[in-house]
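Reader: Before we discuss this model, I would like each label you use to be set against the criterion behind it. Please take the overall layout before the details.

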Amino acid sequence: MAHIEQRNQDATIYVGDLDLKVSESLLWELMLQAGPVVNVHIPRDKLSKEHMGYGFVEFRSEEDADYAIKIMNMIKLFGKPIRVNKASRDKKTYDVGANLFLSLIHISEPTRQAEI
């Protein structure tokens, strides 16, 4: 039976607005400047294989993660400022491999015709 490693959510940060040139190894090297890095994950689109512009970095301790947020937030990487915050644990996301676009359509009562 495989051992499943538990992530330390309190020591994990969210890194957003990443340029497409940013790789996991580059993000690892950048964040290593703030403290010991345990894991880096940049989610990729299942179809295009390009990353989705954000990632997660797990540090050895919560203090290291807090320090990384303080010194790395809004620095420019490939000329683009990155956003660095605590990773949120209260949002549930479902990775379906596609973007879904929803539109609100109003249906009028008397005629039941769709109005856009």
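Author: This is a predicted model, and from the N terminus on its elements run β-α-β-β-α-β-β-β-β-β. The secondary structure thus comes to two helices and eight strands, and buried residues make up 31% of the 116 residues.

Reader: What makes β1 and β3 a pair of strands?

Author: Two strands pair if at least two bridges are found between them, and five bridges join β1 (residues 12–16) to β3 (residues 54–59), so the criterion is met. The two strands run antiparallel; within this pairing, the bridge partner of Y14 is F56 in β3, and that of G16 is Y54 in β3.

Reader: How do you know that β2 pairs with β3?

Author: The reasoning is the one just used: at least two bridges are required, and four join β2 to β3, which run antiparallel. V37 stands opposite F59 in β3.

Reader: Which strands are called the edge strands of the sheet, and what makes them so?

Author: The sheet is open and has four strands in the order β2-β3-β1-β6, with antiparallel pairing. Its edge strands are β2 (37–41) and β6 (83–86), each of which pairs on one side only. On average, and with direction ignored, neighbouring strands of this sheet are turned by 20 degrees against each other.

Reader: What packs on this sheet, and at what angles?

Author: Helix α1 (residues 24–31) packs on the sheet and touches β1, β2, β3 and β6, its direction making about 145 degrees with that of β2. Helix α2 (residues 62–72) also packs on the sheet, touching β1, β3 and β6, and its direction makes about 150 degrees with that of β6.

Reader: Why are the buried residues of α1 said to line one face of the helix?

Author: The buried residues of α1 are L27, L30 and M31. Seen down the axis of α1, they fall within an arc of 90 degrees, so they line one face of the helix. As a general point, an α-helix has 3.6 residues a turn, so residues three or four places apart point the same way. The buried residues of α1 pack against β1, β2, β3, α2, β4 (76–77) and β6.

Reader: Why is E58 called buried?

Author: A residue counts as buried under 20% relative accessible area, and E58 has 7% relative accessibility, so E58 is buried. E58 is found in strand β3, and its side chain reaches the backbone nitrogen of N8 at 3.0 Å. Leaving aside neighbours within four places in sequence, E58 is in contact with R7, N8, A11, T12, V37, V38 and N39.

Reader: Why do M74 and F78 count as partly exposed?

Author: The label covers what lies between buried, under 20%, and exposed, over 50%. M74 has 48% relative accessibility, and therefore counts as partly exposed; F78, at 42%, therefore counts as partly exposed too.

Reader: Where do M74 and F78 lie, and what are their phi values?

Author: M74 lies in the loop between α2 and β4, and has a positive phi of about 70 degrees although it is not a glycine. F78 lies in the loop between β4 and β5 (80–81), and its phi is near 55 degrees, a positive value in a residue other than glycine.

Key
Residues numbered from 1 in each chain as written. Predicted model: local features only at pLDDT ≥ 70, side-chain atom pairs only at ≥ 80, totals over all residues. Heavy atoms only, no water. Axes fitted to C-alpha atoms, helices over the stretch in contact; angles between N-to-C directions. Contact = heavy atoms within 4.5 Å. Buried < 20%, exposed > 50% of the residue type's maximum accessible area, 1.4 Å probe, protein only. Polar contact = N/O pair within 3.5 Å; in protein donor to acceptor, adjacent residues only side chain to side chain. Arc of directions from axis to C-beta.
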